[in-house]
Amino acid sequence: LDEGGKSLLTAGADREKASVEWIKIEAGACVLIATKANEVQRKVRDVVNVVHQRARPDSKPLDVGSTFWDLRDAIVAAEQDVLRLLGFSIKPELPFVFLLNYLKALSATPQVASAAHAL
C-alpha cells in the first residue's frame, strides 16, 4: 500500500517497490501461519504493525483506519493463498525433539538442557 492507501501492485509505475511490498505482505502471512501452527499467540494487529514498520522504518504503528484495514486484508488474503498452496498441511516438525536427543547424546546436565530449551 502506498502513502495514500492505494495498492502499489496496481500502480504499475514502480514495479520493484511493489514487489518488495508484496514480499513483505507474503512474509507477514507466513509469520501469521507459523504463529498459528505453533500455537504462539500473536494478534493479527501485531503482525500488521511489524509488516508496516519493516516497509517504512521511520513510521509509527498504524492507527486503526483505512490503511490498517487494507494492509490487514492483504495479509489475511495472502495467508489464505499460502494455506491453499500448502494444501492446508502445516504440521511443522519442531526442533525440540532434535535438541533433546542431541543434549542426551552429549550427556548434558539438566541445567544446560533447560537453558537450551528456553532459547
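Here is a short chat about a predicted model of a protein.

User: Let's start simple: how many helices and strands does the protein have?
Analyst: Reading from the N terminus, the elements go α-α-α-α-α-α. No strand turns up in that run, and the count for the protein is 6 helices and 0 strands.

User: What share of the 119 residues is buried?
Analyst: Buried here means under 20% relative accessible area. Going by that cut-off, the buried share of the 119 residues is 23%.

User: And how much accessible surface does the protein have, and what part of it belongs to carbon and sulfur atoms?
Analyst: The accessible surface adds up to about 8,600 Å². Of that surface, the part belonging to carbon and sulfur atoms is 59%.

User: Which helix gives the most residues to the largest nonpolar core?
Analyst: In soluble globular proteins, nonpolar side chains tend to be buried together. The largest nonpolar core in this model has 12 residues, including I25, A29, L32, V51, F68 and I75. At least two core residues come from each of α2 (15–37), α3 (44–55) and α4 (66–85). With 5 residues, the top contributor is α4.

User: Does the length of α3 fit what you'd expect, or what is the distance between its end C-alpha atoms?
Analyst: α3 has 12 residues, so at 1.5 Å a residue it should span 16 Å. The model agrees with that, since the end C-alpha atoms of α3 are apart by 17 Å.

User: Which residues of α3 are buried?
Analyst: α3 covers 44–55 and supplies at least two residues of the largest core. V47, V48 and V51 are among the members of that core. The buried residues of α3 are V47, V48, N49, V51 and H52.

User: Is G28 buried or exposed?
Analyst: G28 sits in helix α2. Leaving out neighbours within four places in sequence, G28 is in contact with V47, V51 and I75. Its relative accessible area is 4%, and the cut-off for buried is under 20%. So G28 is buried.

User: What separates the C-alpha atoms of G28 and V48?
Analyst: Along the chain, G28 and V48 are 20 residues apart. In space, their C-alpha atoms are separated by 7.2 Å.

User: Now α4: how far does α4 reach from its first C-alpha to its last?
Analyst: α4 has 20 residues, and the expected reach at 1.5 Å a residue is 28 Å. The model comes out close to that, with a reach of 28 Å.

User: Which residues of α4 are buried?
Analyst: Some of them belong to the largest core, including F68, L71 and A78. E79 also lies in α4, and E79 counts as buried. The whole buried set in α4 is F68, L71, A74, I75, A78, E79, V82 and L83.

User: E79 caught my eye. Which residue forms a salt bridge with E79?
Analyst: Side chains of opposite charge can pair when their charged atoms come close. E79 counts as buried because its relative accessibility is 7%. Leaving out residues up to four places away in sequence, E79 touches A29, L32, I33 and K36. The salt bridge partner, with the closest N and O atoms 2.8 Å apart, is K36.

User: How many residues apart are K36 and E79?
Analyst: This pair links distant parts of the chain. K36 is in helix α2 and E79 is in helix α4, which puts the two apart by 43 residues.

User: How many salt bridges does a search of the whole structure find?
Analyst: One of them joins K36 and E79. R72 also forms one with D73, with the closest N and O atoms 3.9 Å apart. The side chains of D81 and R84 meet in another (3.2 Å, N to O). The search of the whole structure finds 3.

User: Is R84 buried or exposed?
Analyst: R84 and D81 both lie in helix α4, 3 residues apart, about one turn of the helix. D81 is partly exposed because its relative accessible area is 35%. R84 has 53% relative accessibility, so R84 counts as exposed.

User: Last one: which residue just after α4 takes a positive phi?
Analyst: α4 spans 66–85. Just after α4, a positive phi of about 65° is taken by G87.

Technical notes. Residues are numbered from 1 along each chain as its sequence is written. This is a predicted model: local features need pLDDT of at least 70, side-chain atom pairs count only at pLDDT 80 or more; totals for chains, interfaces and linings use all residues. Side-chain values use heavy atoms; hydrogens and water are left out. A nonpolar core is a set of buried Ala, Val, Leu, Ile, Met, Phe, Trp, Tyr and Cys residues joined through side-chain atoms within 4.5 Å. Buried means under 20% relative accessible area, exposed over 50%, partly exposed in between (1.4 Å probe, protein chains only). Helices (H or I, at least four residues) and strands (E, at least two) are DSSP runs, numbered from the N terminus. Contact means heavy atoms within 4.5 Å. A salt bridge is a side-chain nitrogen of Lys or Arg within 4 Å of a carboxyl oxygen of Asp or Glu. Accessible areas come from the Shrake-Rupley method with a 1.4 Å probe; for residues, only the protein chains shown count as cover. The expected span of a helix is 1.5 Å times one less than its number of residues.
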